[in-house]
Amino acid sequence: MEIKAIRMFDGGFMNQSFAFGGEEGKEKFDEQIIYRSSLQNFLIDTGSEVILVDTGFPNDFKAPEKKLGGPLYMGEKRMDYMAAFAELGYKPEQVTKILITHKHPDHTAALAYFPNAKIYISAEDADAMKLEGDNVVRADYKDGAYHNFPASQKVAEGVYFIPAKGHTNGNSIIIAENEGLFYMMHGDVTYCDAALKANKLSIVFEDIAAARETLDKVREFIQNNPTVYLSTHCPEGYENLEMKRVMKL
């Protein structure tokens with residue numbers, strides 16, 4: 001198995017109020033404390049399948065302009081999602097499955113480019129997106145508990161789709177097992193690794209109680225299993241992957 005980052009934006013920033021302020025309020029944190037930001041999604045090559053975890057924006061997407069002092073700036077555009085995908089040496093028709101962590105467009109807007117892919121998504125987020133068709137698989141999470149997570153769905157050998165509600169009502173995470181490590185692709189459970197370490201939720205959520213429960217389960221899993229934490233919105237996401245860096249809490 002190989003796991004690769006599909007890198008779209010880099011060199012951005014987010015402030016602490018945005019990344020940490022979900023429970024205590026933005027005013028409790030310092031807008032002048034800045035964390036690095038980027039945008040990447042991930043690809044799992046099992047050897048027999050090419051599986052995407054989320055997809056980025058459509059081709060020619062124009063990112064919001066940099067605003068100094070703003071809460072979140074994705075960074076400078078490296079390339080379109082499909083160009084970044086092609087940079088890894090794959091063709092769209094090779095993709096067999098797309099695993100969606102949640103409905104937001106920076107995670108779903110390039111779905112149409114992959115004609116042969118089954119799209120795995122929670123029922124809640126599929127409904128919110130009005131996502132229908134024979135290629136849409138509404139996750140049933142009927143494969144039992146996965147470590148400390150009470151439900152899961154095995155989508156390939158060593159690849160698990162797990163409900164992790166809160167950021168959206170149908171939020172999910174994906175864990176891929178490879179060579180004794182657990183690669184956690186979590187979407188936006190946290191926006192930066194500093195928030196994970198500080199045990200803080202961002203200001204973006206649909207169910208704050210569920211988001212807290214999810215973050216608690218994620219942290220418990222990481223404390224008990226050697227986990228490479230693959231974030232979407234900070235460069236530690238691709239850096240952790242490159243170095244196979246195990247998260248320490």
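1. The buried residues of helix H6 are covered by several elements of this predicted model. Among them are strand S10 (172-178) and strand S11 (181-185), together with helix H5 (193-198) and strand S12 (227-230).

2. The residues of H6 that lie beneath this cover can be named individually. Ala 210, Ala 211, Arg 212, Thr 214 and Leu 215 are buried, and so are Lys 217, Val 218, Arg 219, Phe 221 and Ile 222. The list includes charged residue names such as Arg 212 and Lys 217 beside Leu 215 and Val 218. As background, an α-helix has 3.6 residues a turn, so residues three or four places apart point the same way.

3. The dimensions of H6 may be considered next. The helix runs over residues 208-224, which is 17 residues. From its first C-alpha to its last it reaches 24 Å, close to the 24 Å expected at 1.5 Å a residue.

4. The N-terminal end of H6 is capped by Asp 207. A side-chain oxygen of Asp 207 lies 3.2 Å from the backbone nitrogen of Ala 209.

5. Helix H6 belongs to a chain whose secondary structure comes to seven helices and 12 strands. The radius of gyration of the chain is 17 Å, close to the 18 Å that the globule rule gives for 249 residues, so the chain is as compact as a globular protein of that length. Its C-alpha trace spans about 45 × 40 × 35 Å along the principal axes.

6. Of the 249 residues in the chain, 57% are buried. Among contacts with a separation of 6 or more, 62% join residues 24 or more positions apart. The accessible surface comes to about 10800 Å², and carbon and sulfur atoms account for 48% of it.

Notes: Residues numbered from 1 in each chain as written. Predicted model: local features only at pLDDT ≥ 70, side-chain atom pairs only at ≥ 80, totals over all residues. Heavy atoms only, no water. Helix = DSSP H or I, 4+ residues; strand = E, 2+ residues; numbered from the N terminus. Expected span 1.5 Å × (residues − 1). Buried < 20%, exposed > 50% of the residue type's maximum accessible area, 1.4 Å probe, protein only. Contact = heavy atoms within 4.5 Å. Polar contact = N/O pair within 3.5 Å; in protein donor to acceptor, adjacent residues only side chain to side chain. Rg over C-alpha atoms; globule rule 2.2 N^0.38 Å. Areas by Shrake-Rupley, 256 points an atom, 1.4 Å probe, with all protein chains shown as cover.
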